[in-house]
Number of protein chains: 2
Amino acid sequence: MATGDNSSEKSLARAVSILDCFRPEQPEWGVSEIARHLHLSRSTAGRLLQSLQAQGVLGQNTATRRYIMGSKVLTWSSAYMSQLDVARAARAALVELHRVTCETASIYVREGTERICVERIESPESVRVVVRRGERMPLHAGSAGKALLAFAPEEIVRQVLSKPLERMTSRTIVVRKQLLKELEIIRNCGYAISHGERFEDALGLGAPIFDSTGRVVAALNVAGPITRFTDDQAARFTPILLQLAAQASQAMGYRGTYFQSILRSE
Amino acid sequence: MATGDNSSEKSLARAVSILDCFRPEQPEWGVSEIARHLHLSRSTAGRLLQSLQAQGVLGQNTATRRYIMGSKVLTWSSAYMSQLDVARAARAALVELHRVTCETASIYVREGTERICVERIESPESVRVVVRRGERMPLHAGSAGKALLAFAPEEIVRQVLSKPLERMTSRTIVVRKQLLKELEIIRNCGYAISHGERFEDALGLGAPIFDSTGRVVAALNVAGPITRFTDDQAARFTPILLQLAAQASQAMGYRGTYFQSILRSE
DNA sequence: TCTATTGTCCCACATCGTGGGACGAAGTAT
DNA sequence: ATACTTCGTCCCACGATGTGGGACAATAGA
């Protein structure tokens, strides 16, 4: 997956792997640095970087001559977002969830056996859960991940279980049987709760968003530090979360009665 | 600018122009469609699209075989954002501005003689100002644009004035002298106001954010439909906007007294 | 049903990308 | 200050790599 040499275009593949080097942890790269990192000659690395800059994909710190991401990728990502109508449909719910809870609220979609944060509003508090748009996380850890997994096709659950469940914190569920039981509970409750399974010391709530065909297309999530986001708070927010997930599902064209049956039984 | 054939890499340039086709207005493309649009042979277009998909840059609607943006661009854009520490420093201000006003709040940075929306929280209302991350707009129209321009280097002002000022709405300032006078006023007030200059029927407020060297690095903006966002409201929100711009500037390392002098004189 | 258009595959050709090496500039240690 | 390393860029000959035409089956539309 790291070196997908499946494609024929070599220079293109290299350009992509160059772009992949630019990450929040290290947003700036020099020519030789890239060359070393990707085992390229400096000529090649330099020329590719120049080309990418000429195309506006990369920018350059004129002082240090080091390269940084360019603003073009923002435009691309907005194209991605608009095609993902989940994000559009769920945005109102996201804003409302954030307004009510004042905690970090986010939306995840599943891609294969991972989930990706496609939108998020962070808590204004200085101690908060931080997630970045585009960040990938596992499905088995964290409320949003479990919510996605609980309603995913069986095939996906099988794939997730076929590999060892990576431990993210001391409370991550790593026992297969326990995870399956948890997914069952989630299907009954309509939401998932995570006590520090993904981030130590954080509590998270997650609920599925369905589309018109009844498939899960996303998970709505809110998470905060346990010092502030207590179980009492979580209990208060749960019906709101479900209400908003129902509303977002409706916006996606969902006409089923899953949420009604859950909310009635509460 | 459309066909930057400055770069040597041909396939790379083509790949980039393919990616540029994916826009919110048309997020899905077929092979032949792309080939026609960019005057490529179907073989070439198809192969490039396949490669881009293999790299994870594009996705594919398996039913229609048409291509869409892939989630990788989200990761790239988060690298761009993190390198832009403006966004980080100003996020708290953005959230607060949105919370207080319940209108669409956004952050713009200048790039050449344009501005780009790098972050935004949309109003939960159904009638609202809509801007997309990565969207480019002119500097002379709209509150955030004028705020950026008012504090930009003279060279930039000259460049903006050297071309005709494009009319975006009936109220856009298109007379050079009038724009210069407006910029003067903005420097005195510390903020810019736009009555439908960029979007017809919208009112916007914009304030500059400075960094440690005293240069403007961004503009903080809030905008809403005039039916709801009246002049009275604007007057109430102005000191808050200035306060938040001051706070964001401080987070960027600004130690000047510009905002104090403005806020004192109010 | 027939027809037009789609996406994919194959292949010969030459264009385009490649890496080695040389160069001056900038930074670092002595 | 000098010597040394490391930086980004440039040049160039070689050949790997990307190219477009055409054929193909599959699909969509009439």
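Contact here means heavy atoms within 4.5 Å; keep that in mind, as the tour uses it at several stops. The model is predicted, so local features need pLDDT of at least 70 and side-chain atom pairs count only at pLDDT 80 or more, while totals for chains, interfaces and linings use all residues. Residues are numbered from 1 along each chain as its sequence is written, chains are lettered from A and ligands numbered from 1 in the order in which they are written, and side-chain values use heavy atoms, with hydrogens and water left out.

**Stop 1: chain A as a whole**

Select chain A and zoom out. Its C-alpha atoms fill a box of roughly 65 × 40 × 35 Å along the principal axes. Turn on the cartoon and you should find 10 helices and 8 strands. Helices (H or I, at least four residues) and strands (E, at least two) are DSSP runs, numbered from the N terminus.

Now colour residues 10-70 and 77-265 separately: these are domain 1 and domain 2 of chain A, with bounds that come from an automatic or database domain assignment. The C-alpha centres of these two domains of chain A lie 35 Å apart.

Of the 266 residues in chain A, 55% count as buried; buried means under 20% relative accessible area, exposed over 50%, and partly exposed in between (1.4 Å probe, protein chains only). Among contacts in chain A between residues at least 6 apart in sequence, 57% link residues at least 24 apart.

**Stop 2: the sheet of chain A**

Stay with chain A and show its strands. Six of them make an open sheet with antiparallel pairing, in the order E5-E4-E3-E8-E7-E6. Two strands pair if DSSP finds at least two bridges between them. At the edges, pairing on one side only, are E5 (136-138) and E6 (192-195) of chain A. On average, neighbouring strands of this sheet are turned by 30° against each other, direction ignored. Axes are lines fitted to C-alpha atoms, for helices over the stretch in contact, and angles run from 0 to 180 degrees between N-to-C directions.

Next, select residues 104-111 and 216-225 of chain A. These are E3 and E8, antiparallel strands joined by 5 bridges. Pick Ile107(A), and look across to E8(A) for its bridge partner, Leu220(A). Then add helix H9 (residues 231-251) of chain A, which packs on the sheet, touches E6, E7 (202-210) and E8 of chain A, and makes about 20° with the direction of E7(A).

**Stop 3: Ser123(A)**

Click on Ser123(A), in the loop between E4 (114-121) and E5 of chain A. Is Ser123(A) buried or exposed? Ser123(A) is buried, its relative accessible area being 3%. Leaving out residues up to four places away in sequence, Ser123(A) touches His98(A), Cys102(A), Glu103(A), Thr104(A), Arg128(A) and Arg228(A). Try a distance, too: from Ser123(A) to Ile209(A) is 86 residues in sequence and 22 Å in space, C-alpha to C-alpha.

**Stop 4: two crossing helices in chain B**

Move to chain B and select H1 (residues 10-21) and H3 (residues 42-54). Their axes come within 10 Å and cross at roughly 80°. H1(B) and H3(B) are therefore roughly perpendicular, the word used for angles of 65 to 115 degrees; under 35 is roughly parallel, over 145 roughly antiparallel and the rest oblique.

Show side chains where they meet: Ser11(B), Arg14(B), Ala15(B), Ile18(B) and Leu19(B) of H1(B) face Thr44(B), Leu48(B), Leu49(B) and Leu52(B) of H3(B) in contact. The residues of this contact comprise 6 nonpolar, 2 polar and 1 charged. Ala, Val, Leu, Ile, Met, Phe, Trp, Tyr, Cys and Pro count as nonpolar, Asp, Glu, Lys and Arg as charged, and the others, Gly among them, as polar.

**Stop 5: strands of chain B**

Finish with the strands of chain B. E3 (residues 104-111) and E4 (residues 114-121) of chain B run antiparallel, joined by 7 bridges. Arg110(B) stands opposite Arg115(B) of E4(B).

E3(B) also pairs with E8(B), antiparallel, over 5 bridges, and Ser106(B) has Asn221(B) in E8(B) as its bridge partner. How many of the residues of E8(B) are buried? The count is 10 of 10, and E8(B) is mostly covered.

On to E7(B), which is joined to E8(B) by 9 bridges in the antiparallel sense. Here Pro208(B) has Ala219(B) of E8(B) as its bridge partner. E7(B) and E8(B) form a hairpin with 5 residues between them, and in the turn Gly214(B) has a positive phi of about 85°.
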